[in-house]
Amino acid sequence: METVTQLTNQLIASYAKVGGINHLDGKNLPSKRGVTSITCDLLRLLFPGFYDEKLVHSSEIKVETAALLDSVFGALEDEIRKSLEYQTPEGLAKKDIPGEAHKLTMDFLESLPRVREILHTDVEAAFNGDPAAASREEIIVSYPFVEAIAVQRLAHELYLKNVALIPRIMTEWAHARTGMDLNPGAKIGSHFFVDHCTGTVVGETAIIGNHVKMYHSVTLGAKSTAAGQQLRGKKRHPTIEDRVTIYPGATILGGDTVIGAGSTIGGNVFIMDSVQPNSLVIYDGLDMRVLDKNHKNAALDFQI
């Protein structure tokens with residue numbers, strides 16, 4: 001029977017042999033547990049009263065908010081400092097990192113009122129777009145979509161500030177909880193709603209306009225990632241213009257692919273080319289067809 005000492009020696013030998021998945025003697029990385037805790041507190045700040053165990057009275061909201069903000073500020077500043085240290089090449093001066101971490105944290109927290117404004121449009125879109133929704137309160141407390149888009153919008157703010165690791169930790173935590181994979185780099189407009197949301201994937205360079213409604217298992221992806229890291233920074237994911245509806249199981253690929261405003265994408269279609277505005281893309285079980293919504297009997301000149 002193996003002893004603990006023998007098992008330890010075997011693991012130490014593995015650490016020496018397989019070094020690619022170790023992080024020893026390096027820079028201190030942001031804590032997954034710490035970032036998760038901060039994200040939960042940020043949700044409390046975005047939706048006061050919805051993520052608390054007890055009722056928050058309006059007479060106490062200023063004191064409660066100040067205390068929570070102070071706690072979040074300190075914890076997030078520490079994690080952002082780790083992120084900056086991770087990003088800083090060896091040999092460069094680190095004396096300005098604490099000051100930069102403080103500034104980035106302040107700038108991020110100043111964005112919360114703006115994030116709340118756009119989240120309000122998402123909740124309205126969900127309520128107006130789902131006849132099963134009994135109230136806005138039901139949407140906020142129970143719809144996984146709301147949590148997923150709230151975390152993505154928060155993480156996107158940090159992504160825009162080039163903060164490493166933390167935005168992805170946040171959105172992958174939400175992904176695990178909700179089944180909805182929204183990359184923090186995706187640019188998403190107002191009044192966004194994904195009904196059911198499970199299995200939805202939105203890639204890093206996707207651009208989504210205003211008043212877009214999607215259903216579960218929709219993929220906004222890249223045509224190919226075979227080139228790997230050579231594709232970093234390039235537009236790989238599609239653009240969805242305003243007032244587009246995308247039904248379940250649709251797959252839309254490619255950085256040059258644009259779904260024109262006002263279009264409807266039917267379920268289970270596969271698209272790698274742009275679609276003109278006001279198009280209806282359908283799959284009838286044998287073929288895919290693209291129709292002009294204003295003249296549904298006339299197929300557009302379009303190849304899928």
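Student: How many residues of each class are in the lining of the second largest pocket?
Tutor: This is a predicted model, where local features need pLDDT of at least 70, side-chain atom pairs count only at pLDDT 80 or more, and totals for chains, interfaces and linings use all residues. A pocket is an open set of 1 Å grid points where a 1.4 Å probe fits, with protein on both sides within 12 Å along at least five of seven lines, and lining residues have an atom within 4 Å of a point. Ala, Val, Leu, Ile, Met, Phe, Trp, Tyr, Cys and Pro count as nonpolar, Asp, Glu, Lys and Arg as charged, and the others as polar. Sorted that way, the lining has 10 nonpolar, 2 polar and 4 charged residues.

Student: How much space lies in the second largest pocket?
Tutor: You fill the pocket with probe spheres set on its points and take the space they occupy. For this pocket, that comes to about 270 Å³.

Student: Which of its 16 lining residues are closest to the centre?
Tutor: Picture the middle of that second largest pocket and look for what sits closest among its 16 lining residues. You'll find Arg 44, Leu 45, Pro 48, Ile 61 and Thr 65.

Student: Which helix gives the most to that lining?
Tutor: Helices H2 (32-46), H3 (61-87) and H5 (112-129) each supply at least two residues of the second pocket's lining (helices are DSSP runs of at least four residues). The top contributor, with 5 residues, is H3.

Student: What is the volume of the largest pocket?
Tutor: Let's move over to the other pocket. The largest one has a volume of about 690 Å³.

Student: Which residues are closest to its centre?
Tutor: The largest pocket is lined by 23 residues. Closest to the centre are Arg 168, Asn 183, Glu 204, Arg 232 and Arg 236.

Student: Which elements give two or more residues to that lining?
Tutor: One is a helix, running over residues 166-178, which also holds Thr 171. The other is a strand (a DSSP run of at least two residues) at 201-202. For the largest pocket, then, the answer is H8 and E4.

Student: Is Thr 200 buried or exposed?
Tutor: Thr 200 sits in the loop between strand E3 (193-195) and E4. Buried means under 20% relative accessible area and exposed over 50%. Because its relative accessibility is 0%, Thr 200 counts as buried.

Student: Which backbone oxygen lies 3.0 Å from a polar atom of its side chain?
Tutor: Residues are numbered from 1 along each chain as its sequence is written, and side-chain values use heavy atoms, leaving out hydrogens and water. Thr 200 has a side-chain polar atom 3.5 Å from the backbone oxygen of Tyr 215. The oxygen at 3.0 Å belongs to Cys 197.

Note on methods. Buried < 20%, exposed > 50% of the residue type's maximum accessible area, 1.4 Å probe, protein only. Polar contact = N/O pair within 3.5 Å; in protein donor to acceptor, adjacent residues only side chain to side chain.
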